[in-house]
Amino acid sequence: MADSSTLDDLLKGVSRNSLKAECSDEHLIKIAKWFKHWKDISADLGLTEAEEEEIEARVGDLNRKKLDMLRKWKSKYVAKANYLKLAEVFHDHGYNDLVVKLCNLIPSVEDDGSSNEAERLPNPQPQPVSCGLTPSELLRTNYSKLVEAIQDPESLADFLYSGGVIARKVNEDVCLAQGVKNKNRVLLAGVEQQVGVNPGAFQQFKSAVLRDPSLKSIWPVFDGSKASSTPAVKGAGTNGPSIHELLDKVKVTSKWRMIGIGLGISSMDLDAIQSSTGHQPNSTQQALEKVFTIWQEKVTSPYNWSTLIYVLKQGYVGETRLAQELERM
């Protein structure tokens with residue numbers, strides 16, 4: 001039976017001032033994943049057919065197009081791009097469940113800021129690590145454990161972003177990535193990048209993860225009491241396949257970016273590759289070569305055929321046949 005609740009019923013308990021607040025970009029990233037038929041939504045939000053066609057023509061998956069649509073709406077209507085308008089559109093389309101989710105997301109504008117989420121993250125000075133590895137080396141050494149252990153990467157990414165541990169683009173990419181493990185890879189690449197610049201961010205990352213009781217069991221490794229016997233150090237990737245071997249076997253150059261995400265390469269590095277290759281001849285081949293080079297030099301994930309085979313099998317890459325061929329080598 002369809003939910004016949006009125007919009008006023010659904011918005012009961014949410015202040016008018018909060019509803020009329022301008023939607024934050026962080027919330028738009030989340031909201032973009034809630035609905036499927038974005039063109040129906042965009043029309044009711046006031047976007048034109050020409051604007052929809054512009055969004056449709058851009059490269060990107062469905063979630064990226066939905067986010068582009070919401071950002072276009074926000075840039076076009078500014079202050080009028082508020083939570084109330086989204087609630088009205090969702091209700092008109094019968095998405096009452098989304099109206100309820102939106103109410104849970106809406107911040108209280110009466111909040112004086114004393115409960116700012118960022119303040120819950122400590123900002124300690126860098127602490128020595130007893131096992132003798134740098135924070136970046138610890139992250140790379142225990143990369144596989146973290147990918148398997150983190151169960152709610154979106155919430156963790158939100159928390160880390162609010163504390164300045166990861167960039168907004170990383171938070172966005174985590175939200176839009178498909179599958180928990182792939183989200184974890186994107187998140188860990190962003191954390192490792194920040195830790196390389198500011199070792200103190202490692203303590204913030206640790207404090208944030210400790211909020212999740214299910215992850216506490218892995219922290220003795222990071223304290224040095226159970227240091228890994230095979231630490232990842234700079235240059236460790238040179239024991240894996242050569243770049244020439246990788247390029248000889250992996251011909252799916254058009255999927256270089258998704259392969260890069262799966263290998264744990266940061267959004268910043270991927271954007272830099274995009275900028276440097278541009279529309280040059282064989283640009284996708286050059287891009288894939290740069291992806292493999294960064295993977296080898298930075299050891300963004302274990303540098304071996306097994307890691308690559310795993311990535312190729314994931315739905316966001318979709319190269320199961322190639323992965324099977326590599327397994328038979």
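**Figure 1. Contacts of threonine 277 in the predicted model.** Leaving out residues up to four places away in sequence, threonine 277 touches Ser283, Gln286, Ala287 and Lys290. The model shown in this and the following views is predicted. Threonine 277 belongs to helix α18, which covers residues 267-277. With a relative accessibility of 3%, under the 20% cut-off, threonine 277 counts as buried. A polar atom of the threonine 277 side chain lies 2.9 Å from the backbone oxygen of isoleucine 273.

**Figure 2. Surroundings of asparagine 171 in helix α12.** Helix α12 spans residues 168-176 and includes asparagine 171. Asparagine 171 is counted as buried because its relative accessibility is 5%. Apart from residues up to four places away in sequence, asparagine 171 touches Ala157, Asp158, Tyr161 and Ile166. Serine 155 precedes or follows at a sequence separation of 16 residues, and the C-alpha atoms of asparagine 171 and serine 155 are 9.7 Å apart.

**Figure 3. Glutamate 172 and its polar contact with arginine 71.** Glutamate 172 is also placed in helix α12. Its relative accessibility is 3%, so glutamate 172 counts as buried. The side chains of glutamate 172 and arginine 71 are joined by a polar contact of 2.5 Å. Arg71 also appears in the list of residues that glutamate 172 touches, together with Ile29, Arg64 and Leu67; residues up to four places away in sequence are not counted.

**Figure 4. Valine 317 in the loop between α20 and α21.** The loop that holds valine 317 lies between α20 (305-313) and α21 (320-327). Although placed in a loop, valine 317 counts as buried, at 2% relative accessibility. Its contacts, with neighbours within four places in sequence set aside, are Lys255, Met258, Ile259, Val311 and Leu312. Between valine 317 and isoleucine 261 the C-alpha to C-alpha distance is 9.8 Å, and the two residues are 56 residues apart in sequence.

**Figure 5. The largest cavity and its lining.** A search of the whole structure yields one cavity of 30 Å³ or more. The largest cavity holds about 40 Å³ of space. Its lining consists of Asp173, Val186, Ile261, Ile265, Ser266, Ser267 and Leu270. Isoleucine 261, one of these lining residues, is the residue paired with valine 317 in the distance given for Figure 4.

**Figure 6. Two stretches with pLDDT under 50.** Residues 109-131 have a pLDDT that stays under 50, and the model gives this stretch 37 contacts beyond four places in sequence. In residues 224-238 the pLDDT is likewise below 50, with 26 contacts in the model beyond near neighbours in sequence. Where pLDDT is low, the predicted coordinates should not be read in detail. Over the protein, the pLDDT averages 77, and 78% of the residues score at least 70.

**Figure 7. Overview for placing the close-up views.** The protein contains 21 helices and zero strands. It has 329 residues, and 46% of them count as buried. Among contacts with a separation of 6 or more, 73% are between residues 24 or more positions apart. The accessible surface is about 16300 Å², and carbon and sulfur atoms account for 49% of it.

Technical notes. Residues are numbered from 1 along each chain as its sequence is written. This is a predicted model: local features need pLDDT of at least 70, side-chain atom pairs count only at pLDDT 80 or more; totals for chains, interfaces and linings use all residues. Side-chain values use heavy atoms; hydrogens and water are left out. Helices (H or I, at least four residues) and strands (E, at least two) are DSSP runs, numbered from the N terminus. Buried means under 20% relative accessible area, exposed over 50%, partly exposed in between (1.4 Å probe, protein chains only). Contact means heavy atoms within 4.5 Å. Accessible areas come from the Shrake-Rupley method with a 1.4 Å probe; for residues, only the protein chains shown count as cover. pLDDT is the predictor's confidence in each residue, from 0 to 100. A polar contact is a pair of N or O atoms within 3.5 Å; within protein, one must be able to donate a hydrogen and the other to accept it, and residues adjacent in sequence count only if both atoms are side-chain atoms. On a 1 Å grid over the protein atoms alone, a cavity is a set of points where a 1.4 Å probe fits but cannot get out, and a pocket is an open set with protein on both sides within 12 Å along at least five of seven lines; lining residues have an atom within 4 Å of a point. Grid points are joined across faces, edges and corners, and a volume is the space filled by probe spheres set on the points.
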